[in-house]
Amino acid sequence: MLVCPQCHSENPNNSQVCQKCQTSLVHYTCPHCGHDTPFSEAYCEECGAFNGQLWQVILAQPISSEATNESLSFNNNYLDLRKRYQIWSEQEEDAFQVIAKTGTHTIYKGQAVDCQPLEKSTLPVLVNQVSDLLQENEQDDPRLLWEQMGIPNAAFPYLALKDLTPVVPEVYDAWVDNEIEVIILPDRHHWQEIPDLLINHSLLTLQIIYWLNQIVTLWTSLSAINCRQSLLVEDNLRLDEDQSFGLLKLYPDPVDDPPSLQQLGQLWQTWFNKGGYPSSSKLATLIQQVAEGKLNQVAELRLQLQDLAAEQQMTEDEQNPTNAEDITSSLELVAEELPEFQPELLSGELEQNSTATDISGDATAVLPMELASLTALGGTDRGRQRDHNEDSFGMNTQVNIRQTNHSKVVDGRGLYIVCDGMGGHAAGEVASKMAVETLEEFFAENWRKDFPDEETILKGILLANQNLFDVNQKNASSCSGRMGTTLVLMLVDKTKVAVAHVGDSRIYAISRKQGVQQLTIDHEVGQRAIQNGVDPKLAYARPDAYQLTQALGPHNNKYVQPDILFLELAEDSLFLLCSDGLCDNDLVEDHWETYLLPLLKSSQSLNKGMIRLIDFANNYNGHDNITAVFVRLKIRPKVNSQDW
């Protein structure tokens with residue numbers, strides 16, 4: 001089956017275009033130059049940019065065959081006979097490197113380009129079949145079932161730790177060819193190395209403790225499958241762009257010299273020595289005990305790390321008092337005992353058992369966060385059925401970057417507004433523009449230093465309403481139609497966000513962990529009925545269900561009650577402010593993964609994303625004006641202050 005890159009629906013392998021959205025399944029548009037290039041080609045035919053899907057490759061060759069690098073370049077530089085995975089290397093003669101030797105196999109690593117990136121792998125189907133069989137018979141051994149399905153032994157450790165994804169990479173494809181076991185994994189070489197951060201940056205103690213505790217927790221799980229060596233290879237310990245911990249691959253333990261906790265402690269000590277951390281700190285002392293073999297029990301080490309984290313949190317809280325409930329919650333998360341991966345999972349409970357260690361939990365609940373970048377973009381279109389545009393938007397982004405050879409601090413703030421006007425003739429256009437201008441002037445005057453509080457935001461919105469209402473009252477004698485507008489408003493200051501709204505324009509938040517969240521509730525008759533306990537189907541069956549219950553302009557301030565919400569960001573987030581011409585008919589709810597989620601990545605162009613979204617909204621809706629504002633915030637744990 002071919003998976004559409006646009007809507008992710010499945011299509012037969014011989015399809016030229018997606019049966020659902022008509023997107024080409026034959027060629028892609030180069031993001032660099034816009035040229036159409038076949039999916040089978042990793043490099044753009046026009047500008048030469050590399051756009052291919054890279055995979056990490058693990059090969060396990062029986063030692064008895066005495067394989068060499070040259071003998072591994074089988075199938076005319078392809079890993080498979082179908083010529084899907086093409087061996088990729090800047091130096092072809094060095095495409096694969098030995099990373100380990102077991103008692104029976106030599107393990108190689110390399111990379112490959114996917115020449116059929118839209119085609120689904122058959123491995124997930126096989127794994128699901130094993131899962132079904134395990135549910136039917138709890139006595140079955142998953143390893144035996146995997147082997148019967150033709151899944152190579154080298155994939156077993158990854159499948160055994162499937163519940164630890166994405167910390168442990170998930171096997172995308174696997175097979176055996178002429179005794180060579182081939183494993184295809186996600187390529188994570190662009191992820192940042194933890195040792196590099198520890199050695200070359202000044203980190204918060206809590207951040208270091210969190211990562212070390214993750215490593216120790218994973219040590220227990222890897223012990224059960226004899227892959228502790230994975231935590232002793234420095235460049236194997238990585239962080240994604242959200243600062244979440246993950247491994248490049250799994251390394252089998254040496255048969256004659258299984259790794260010890262002491263070796264792990266010695267590796268940590270090397271990092272601390274190279275990073276110039278004070279040897280007198282409590283964390284450094286704890287690491288020294290592990291490195292000298294004086295502390296050799298995983299449970300005890302985890303307990304001491306958690307106690308040290310709690311102590312450090314208390315110290316920081318005394319220096320920077322915050323809400324007591326937040327402190328308690330943070331301490332509970334730091335000291336939480338996480339369930340371990342159990343070896344008995346390999347004897348019949350792999351897929352049903354959910355007790356695998358959740359070491360990918362949210363570190364941000366206990367770690368100070370800071371802004372890494374702030375970018376925004378607005379766009380509007382009159383739609384396909386309107387002769388003029390009554391929407392207006394306003395944006396003001398200010399970013400200041402202070403950087404030295406030791407640190408980088410990003411100060412960012414922004415004001416973002418979308419208004420959807422209403423009224424006779426050009427009145428709606430005037431109302432939306434007036435509201436935007438009034439709020440921009442208000443916050444320029446009233447937001448000079450501290451982040452605006454609820455009272456200040458309310459004052460600004462009511463001022464905009466009063467200005468519009470006064471114009472309506474003045475024009476009443478001329479029998480002109482009363483103008484009005486909806487409003488969505490967003491304020492950003494570093495990791496702080498405030499949103500407010502009046503009417504049925506919306507704000508959505510998109511993040512990797514939370515998915516899509518609608519932050520506003522439409523001010524309309526149907527929603528008011530639902531809030532009063534009416535069944536949603538009945539509420540929206542009434543003829544006036546979509547009539548606004550609030551707007552700026554038609555009435556005086558007594559009738560305007562904006563909803564205001566404050567947020568503190570703990571992960572990368574994309575915010576979408578939009579008029580109802582875009583979000584009608586559940587467009588965002590049904591298609592956010594295709595049009596919005598990819599924009600969380602810094603490498604994705606907001607401009608191209610905006611063009612795609614508005615084009616899609618015109619095809620999907622098109623009955624009204626369409627306006628959208630993107631606000632993308634990249635967040636990271638603070639790494640610019642030393643607190644030993």
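# Exercises on a predicted protein model

Leaving aside neighbours within four places in sequence, Thr-627 is in contact with Gly-379, Thr-380, Asp-391, Phe-393, Val-418, Leu-577, Cys-578, Ser-579 and Leu-582. The structure in which these contacts occur is a predicted model.

**Exercise 1.** Determine where Thr-627 is placed and whether Thr-627 is buried or exposed.

*Solution.*
- Step 1: Thr-627 belongs to strand S24, which covers residues 626–637.
- Step 2: The relative accessibility of Thr-627 is 0%, so this residue counts as buried. The cut-off for a buried residue is under 20%.
- Step 3: Among the contacts of Thr-627 is Thr-380. The two side chains, those of Thr-627 and Thr-380, form a polar contact at 2.7 Å.

**Exercise 2.** Describe the setting of Gln-111, beginning with its strand and ending with the polar contact of its side chain.

*Solution.*
- Step 1: Strand S8, residues 105–114, contains Gln-111.
- Step 2: Gln-111 has 18% relative accessibility and therefore counts as buried.
- Step 3: If residues up to four places away in sequence are not counted, Gln-111 touches Leu-54, Trp-55, Val-57, Gln-86, Ile-87, Trp-88, Asp-187 and His-189.
- Step 4: One of these residues is Asp-187. A polar contact of 2.8 Å joins the side chain of Gln-111 to the side chain of Asp-187.

**Exercise 3.** Classify Gln-269 by its accessibility and list its contacts beyond four places in sequence.

*Solution.*
- Step 1: Gln-269 is located in helix H8, residues 261–275.
- Step 2: With 26% relative accessibility, Gln-269 counts as partly exposed.
- Step 3: Outside its neighbours within four places in sequence, Gln-269 is in contact with Ile-287, Gln-288 and Ala-291.
- Step 4: For Gln-269 and Leu-286, the separation in sequence is 17 residues, and the C-alpha to C-alpha distance is 9.9 Å.

**Exercise 4.** Compare the span of helix H7 with the expected value, and explain why H7 is described as largely enclosed.

*Solution.*
- Step 1: H7 covers residues 205–223, a run of 19 residues.
- Step 2: The distance from its first C-alpha to its last is 27 Å, close to the 27 Å expected at 1.5 Å a residue.
- Step 3: Of the 19 residues of H7, 17 are buried, so the rest of the structure largely encloses this helix.

**Exercise 5.** Identify the residues that touch the most other members of the largest nonpolar core, and state what H7 supplies to this core.

*Solution.*
- Step 1: The largest nonpolar core has 68 residues, and Leu-231 and Phe-245 touch the most other members.
- Step 2: H7 provides the largest share of this core, namely eleven residues.
- Step 3: Beyond four places in sequence, Leu-231 touches Ile-215, Leu-218, Trp-219, Leu-222, Leu-237, Phe-245, Leu-247, Leu-264 and Leu-267.
- Step 4: There is also a second, separate core of 27 residues, which includes Ile-417, Ala-431, Leu-468 and Ile-564.

**Exercise 6.** Give the strand order of the open sheet of three strands, and explain which strands stand at its edges.

*Solution.*
- Step 1: The order is S11-S12-S13, and the pairing is antiparallel.
- Step 2: Strands S11 (192–193) and S13 (245–247) are at the edges; each has a single partner strand, so one side of each lacks a neighbour in the sheet.
- Step 3: S11 pairs with S12, residues 237–239, in the antiparallel sense over two bridges.
- Step 4: Arg-238 in S12 is the bridge partner of Glu-193.

**Exercise 7.** Locate the backbone features at Pro-166, Glu-179 and Asn-226.

*Solution.*
- Step 1: The peptide bond from Thr-165 to Pro-166 is cis, and its omega is near 10 degrees. Pro-166 lies in the loop between helix H5 (156–160) and strand S9 (173–177).
- Step 2: Glu-179 is not a glycine, yet its phi is positive, at about 75 degrees. This residue is in the loop between S9 and strand S10 (180–186). At 51% relative accessibility, Glu-179 counts as exposed, since the cut-off for exposed is over 50%.
- Step 3: Asn-226, a residue other than glycine, has a positive phi near 60 degrees. The loop between H7 and S12 holds Asn-226. Its relative accessibility is 48%, so Asn-226 counts as partly exposed.

**Exercise 8.** Summarise the whole protein chain by its helices and strands, its buried residues and its contacts.

*Solution.*
- Step 1: The chain has 18 helices and 24 strands.
- Step 2: Of its 644 residues, 50% are buried.
- Step 3: Among contacts with a separation of 6 or more, 68% join residues 24 or more positions apart.

Key: Residues numbered from 1 in each chain as written. Predicted model: local features only at pLDDT ≥ 70, side-chain atom pairs only at ≥ 80, totals over all residues. Heavy atoms only, no water. Helix = DSSP H or I, 4+ residues; strand = E, 2+ residues; numbered from the N terminus. Buried < 20%, exposed > 50% of the residue type's maximum accessible area, 1.4 Å probe, protein only. Contact = heavy atoms within 4.5 Å. Expected span 1.5 Å × (residues − 1). Polar contact = N/O pair within 3.5 Å; in protein donor to acceptor, adjacent residues only side chain to side chain. Core = buried A, V, L, I, M, F, W, Y, C linked by side-chain atoms within 4.5 Å. Pairing = 2+ DSSP bridges.
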